[in-house]
Amino acid sequence: MDIVKKLNRYENELLGLFLNFRVNGNNVSDIEKNKSSLLEYAKLAYNYYYNKMQINENQEDMFAWKKSAIKIKLILIADFDIGRYKTLGFAEASKFDTIEIVDAIDHDLPYTFYKKFTNLEKISYLVQNSIISELTDDLILASAQTEVTDMHNWAKSFLLEEINNIDTLTKPSIELINFNDSIIRAKRYDLEELMYFVNNQQFTAELNECLYAYNNQKWFVCATGLGGVLEHLLYLVLEKNDMIDRSFPSNATISDYISYMKKPPVKMERRQQTMIKNIFNIRNSVSHFNQGFTSKDQCTYLMNGIKDIFDNYYNTDFSLSDN
C-alpha cells in the first residue's frame, strides 16, 4: 500500500478521535488506545510532505525526524469555552519513536494561558505548574509551534516550520531596523531599563548583540546569544548578593546556579526553580539540538525569561525580606 493510501486510511480511522475530543472531551481512553496508530499516521504525513518538497539529500540531517527517532507528547486540556477541549503537542529527540498522552483536562488554567500565551509559553506554564514533566534539551522547537487538531496537520506544520527556519537562515541580512522603534514595536518588555539598572558594560554589549541579531531576523544567533545573557544575569544576581564563593565552578551549569540560588538570602522557591530550569532547557534545545530551527517566539520567550529574572531576582532587595 503506497503512502497516500495509508494516509487516507488513517484519516478515515482517526480523524474522528480529535473531532470528538474537541466537542465532548470524553474519549481520552480511545485516544490512548490508538496512540500507536496516531504515531504512525504522524510519521507517514511527515515523510509524505518531506518527499513532496523534494528536499536536497544533503539537508536531510537538518530535519529532526530524519535525523533521529522522536517522542511525541500530546497534552489534552480543557478549552477556555465551556464544554470545549484542545490538544497541545511537541516532540523530543529519542532513541525510539514513541507517543505519550497526558490527560490534563481537570486542571484549571488562567485566562492568559488561552488568550495571551504562545504555544511554547503554554507548554512552559504546564511544566512550571507540575502538570507535565520537565522539558529536556532534546526538545524539538519546530514541533511546538501549533496546537494539534489532528496528527496529519501537526506533522505537516512541524515539517513546514523546519523548512521556514532553513529559509530564514539562508536569507541575506535585512537592513537593520531602528533600535528604539524595534523595542517599542516588537517586544513586551523594557530591555533598555534592564540594561540601565544592571549597569554592566559586558552584559549590555552581550544583550545589544542579541538585539542586533533579533532585528536582522537571525533567530538562531539571537537565541544562542541570549543563553549567555541568561547565565551572565544569574551570575550577577549571585554576585550582587555576595553569594559567589571559592567553590562556585568556573563553568557553572543550571544545577550549579539553582543550587546557589536556593541558599540565603535569595532562597528560590521550587516553582521558581522549575521556571529557571525550563528557560535553560529551551536555551539548551536551541544551542544543542535544533541546529538553527529557532523562531521569533523562542527569542521572545528567552527575553521574557531574562526580564523575569531581572524583576524577581536582580531588582529585588533580599536583605529586606530577612528583616
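How many aromatic pairs does the count come to? In this predicted model, the count comes to 20 aromatic pairs, and a few of them serve well as a way into the structure.

One of these is formed by Tyr 196 and Phe 197, whose rings meet edge-to-face, with 5.2 Å from centre to centre and 85 degrees between the planes. Tyr 196 is exposed, its relative accessible area being 63%, while Phe 197 counts as partly exposed at 43% relative accessibility. Another pair brings together Tyr 257 and Phe 280: here the ring centres are 6.4 Å apart and the planes stand at 35 degrees, so this pair is tilted. Tyr 257 belongs to helix α12 (residues 254–261) and Phe 280 to helix α13 (residues 270–289), so the pair ties together parts that are 23 residues apart in sequence. Tyr 257 is buried, with a relative accessibility of 6%, and Phe 280 is buried too, at 3%. Ring pairs also build a cluster, linking Phe 80, Tyr 111, Phe 113, Tyr 114, Phe 117 and Tyr 125.

Helix packing comes next. Helix α10 (residues 201–215) packs with helix α11 (residues 219–240) at an angle of about 160 degrees, and the axes of the two helices are 8 Å apart. Because angles over 145 degrees count as roughly antiparallel, α10 is roughly antiparallel to α11. The crossing of α10 and α11 is left-handed. On the α10 side, the contact is made by Gln 202, Phe 203, Glu 206, Leu 207, Cys 210, Ala 213 and Tyr 214. Their partners in α11 are Trp 219, Val 221, Cys 222, Gly 225, Leu 226, Gly 228, Val 229, His 232, Leu 233 and Leu 236. Sorted by character, the residues of the contact of α10 with α11 comprise 12 nonpolar, 4 polar and 1 charged.

A single polar side chain rounds off the picture. Asn 47 is located in helix α3 (residues 35–52). With a relative accessible area of 17%, Asn 47 is buried, because residues under 20% fall into that class. Leaving aside residues up to four places away in sequence, Asn 47 touches Ile 3 and Lys 66.

Technical notes: Residues are numbered from 1 along each chain as its sequence is written. This is a predicted model: local features need pLDDT of at least 70, side-chain atom pairs count only at pLDDT 80 or more; totals for chains, interfaces and linings use all residues. Side-chain values use heavy atoms; hydrogens and water are left out. Axes are lines fitted to C-alpha atoms, for helices over the stretch in contact, and angles run from 0 to 180 degrees between N-to-C directions. Helices (H or I, at least four residues) and strands (E, at least two) are DSSP runs, numbered from the N terminus. Angles under 35 degrees count as roughly parallel, over 145 as roughly antiparallel, 65 to 115 as roughly perpendicular and the rest as oblique. A crossing is left-handed if the near helix is turned anticlockwise from the far one by less than a right angle, and right-handed if clockwise. Contact means heavy atoms within 4.5 Å. Ala, Val, Leu, Ile, Met, Phe, Trp, Tyr, Cys and Pro count as nonpolar, Asp, Glu, Lys and Arg as charged, and the others, Gly among them, as polar. Rings of Phe, Tyr and Trp (its six-membered ring) pair if their centres lie within 6.5 Å; planes under 30 degrees apart count as stacked, over 60 as edge-to-face and the rest as tilted. Buried means under 20% relative accessible area, exposed over 50%, partly exposed in between (1.4 Å probe, protein chains only).
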